Amino acid sequence: MNEVRILAPVGMLGAGFPAATVARGIELGADVIAVDGGSTDSGPYYLGSGTAKTAAAAVAADLRLLLRAAAEARIPLIVGSCGTSGTDSGVDWVAGIVREIRAAEGLNLRVATVYSEQQPAVLRQQIGRIRPLPPAGELDPPVLDSCTHIVGMMGHEPIVAALEAGADVVLAGRATDTAIAAAYPMMKGLPAGPIWHAAKIVECGGQCTTNPRAGGVLATIDHDGFTIEPLDPDNACTPTSVAAHMLYETVNPFTMREPAGTIVVSDATYRALDHRRVRVEGSRFEPAEQHTIKLEGARITGYETMSFTAIRDPHILGQIDTWAALMRKMIGEWVGRTLGLGDGDYEFDLRLYGHNAILDEIEPDRGPPREVGVMLLVHAADQRTATAVAKVANPLLLHLPTPDMDYLPSLAFATSPAETERGPVYEFALHHVVEVDSPTSLFRVTLPEAEDA
Amino acid sequence: MPDPRTIADLALEVRSKNAGPFWVTMELFMRDADGYAVVADPGYLDAAVIARLYGVPAGTIQIFRIPSLNVVKISFPRPVPQGSLRDRDIHAGQHHVPLALYPLAPQSVSPGS
């Protein structure tokens, strides 16, 4: 093949996109549809719990349009990082939705799944080949066992294996954002530099256009570079909008590491072909001496309970920092006296929304607020303790005066009951890579069975 | 436009976001080459300034200056673990504000002036 056209309909499966833009991409000769289903951006909860951030109905709505388009055009559909975090449960969740749509619509599609979840015992045997990424330190082996889920981020190779085995639809576990779009053109033998750069640019769908809300993009990769255009005829890619996407959610805008090597775009040129199409050339891919797979793991740190009250009284708001300092001190005293708990038994964060809740000590504006929402977030080893602390703090959140008030105010609780149990909370515990001899060894490809076709 | 007083006054957009779970990154998209020249000047904006604004160690801060886009990009390890009890900005999407409001001439602008 001299060219491969990648249709990227949207940055996140389940976010929604105009149906007409996918039809437009098919008209323009798309060879493959690639869409990302995941992210770590919303925090460790989704990996830790193995659940999705997106609603099943929203994922189904997007998949229905994409599966129909793929079946009619007879081109593959690749979904990466299924179920937000790419756990095995996430792959199975998306596979279940696909199965229902396939049956309801009578679509003749062979579906492959690629699982990326890792077992601590297996990784323990590789401990000498696991290296930290900055700012993480050396891996303490028990951390592996403490994770509720660990996934490896696949490159394009396991996805290519599924395509070569005849899959029409590939539902992948955790994959690099770029691998999803890179897999098909890599299989077709196009050059790695333009492929990986194009894959990075299309990973968020329309984010690289002047109107990201107008739907996705089509990237045409050839031997000298790639051309990118929006799927909405009224939208535009400009050299600036395309080049600027290399900045998005990256530490370094010039290089990006993939399992098989590094994308280098420092010499890339961006040229407008017309008012809405951009030509990119000069992108390179430098193969790594050692193939590495990035690991993501999440573990439970404890349980949280939240209370929320609010202040409108200008007298208290005039000395809100004094009031908050008194609140922190009183909570510690009351919890110690009532529950017998001390430092180390629980923690809490008191956040003053409307004053400095978001930036705290780095907030540049110290002016008096008009109203403040007071969030008490309690963290403990078990839910019962967290809730008990929040309940002990409740009378303070209702009635605490400032030191110069000689009466008890009644503050404005937002809900009844005041306490909301948040359940287990998680942290990302791994920021490491493992050296592998084969790019597919950590992943399990389940090919379509005969009756699937 | 009144006299520009902060970086935001010279910028099209100032934004911040996670770059993976362990890094924060920010971009100053400046309106033109003149604005870019101001913020790209290491005598005005450097790791020491960022360290002071964000309470992070200067040695961990990476600054990229991209004249072709009139962009200065700044990355540093997330000071608070994502999703932890003390993380009040899960996506790090509001952390651009201290940088956006950084005075253009720190010595001549005092709070409330």
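**Entry 1. The sheet of chain B**

Two strands count as paired if DSSP finds at least two bridges between them. With that rule in hand, I looked up strand 2 and strand 4 of chain B, and found 7 bridges joining these antiparallel strands. I note at the outset that I am reading a predicted model.

I picked one bridge to follow by eye: B:M26 has B:I74 in strand 4 of chain B as its bridge partner.

I then asked in what order the strands of this sheet lie. I recorded an open sheet of 4 strands in chain B, with the order 1-2-4-3 and antiparallel pairing. Strand 1 (11-18) and strand 3 (62-66) of chain B are the edge strands, each pairing on one side only. From one strand to the next, the twist averages 10°.

As a reminder to myself, strands of a sheet pair through backbone hydrogen bonds, and the pairing may be parallel or antiparallel.

**Entry 2. The other pairings in the sheet**

I moved to strand 1 and strand 2 of chain B, which run antiparallel and are joined by 7 bridges. Here B:K17 is matched with B:T25 of strand 2 of chain B. The two strands form a hairpin, with 4 residues between them. Within the turn I found B:G20, whose phi is positive, at about 80°.

On the other side of the sheet order, I checked strand 3 of chain B against strand 4 (residues 71-77) of chain B, and counted 5 bridges between these antiparallel strands. One of the positions to locate is B:Q62, whose bridge partner in strand 4 of chain B is B:S75.

**Entry 3. Strand 2 of chain B**

Is strand 2 (residues 23-30) of chain B mostly covered or mostly uncovered? I found it mostly covered, since 8 of its 8 residues are buried. I sorted its side chains by direction: B:W23, B:T25, B:E27 and B:F29 point one way, while B:V24, B:M26, B:L28 and B:M30 point the other way. The residues of both sets are buried.

**Entry 4. Chain A as a whole**

I turned to chain A and listed 13 helices and 20 strands. Its C-alpha trace spans about 80 × 55 × 45 Å along the principal axes. Of its 453 residues, 56% count as buried. Among contacts in chain A with a separation of 6 or more, 78% come from residues 24 or more positions apart.

**Entry 5. Two helices of chain A**

Two packed helices are described by the angle between their axes and the distance between the axes. I applied this to helix 3 (residues 56-73) and helix 4 (residues 88-105) of chain A, whose axes come within 10 Å and cross at roughly 55°. Helix 3 and helix 4 of chain A are therefore oblique to each other. I noted their crossing as right-handed.

Which residues meet between these helices? From helix 3 of chain A I listed A:A56, A:V59, A:A60, A:L63, A:R64, A:L67 and A:R68. They meet A:W93, A:V94, A:I97, A:V98, A:I101 and A:E105 of helix 4 of chain A.

**Entry 6. Aromatic rings**

A pair of aromatic rings is described by the distance of the centres and the angle of the planes. Over all chains the count comes to 7 aromatic pairs. I looked up A:Y45 and A:Y46, an edge-to-face pair with 5.3 Å centre to centre and 90° between the planes. Are these two residues buried or partly exposed? A:Y45 counts as partly exposed because its relative accessibility is 39%, whereas A:Y46 counts as buried because its value is 19%.

For contrast in geometry, I examined A:W196 and A:F285, which are stacked, with 5.5 Å centre to centre and 20° between the planes. This pair links distant parts of the chain: A:W196 lies in helix 9 (residues 192-202) and A:F285 in strand 14 (residues 284-287) of chain A, 89 residues apart. Both A:W196 and A:F285 are buried.

Returning to A:Y45 and A:Y46, I found that ring pairs link them with A:Y426 into a cluster.

**Entry 7. One serine**

Finally I located A:S241 in helix 10 (residues 239-244) of chain A. A:S241 counts as buried because its relative accessible area is 13%, and the cut-off for buried is under 20%. Leaving aside residues up to four places away in sequence, A:S241 touches A:C208, A:T209, A:T210 and A:A236. I also looked up the C-alpha atoms of A:S241 and A:I201, which are separated by 9.9 Å although the residues stand 40 apart along the chain.

Definitions and conventions. Residues numbered from 1 in each chain as written. Chains lettered and ligands numbered in written order. Predicted model: local features only at pLDDT ≥ 70, side-chain atom pairs only at ≥ 80, totals over all residues. Heavy atoms only, no water. Axes fitted to C-alpha atoms, helices over the stretch in contact; angles between N-to-C directions. Phe/Tyr/Trp six-rings, centres within 6.5 Å; stacked < 30°, edge-to-face > 60°. Buried < 20%, exposed > 50% of the residue type's maximum accessible area, 1.4 Å probe, protein only. Parallel < 35°, antiparallel > 145°, perpendicular 65-115°, else oblique. Left-handed = near helix turned anticlockwise from the far one by under 90°. Contact = heavy atoms within 4.5 Å.
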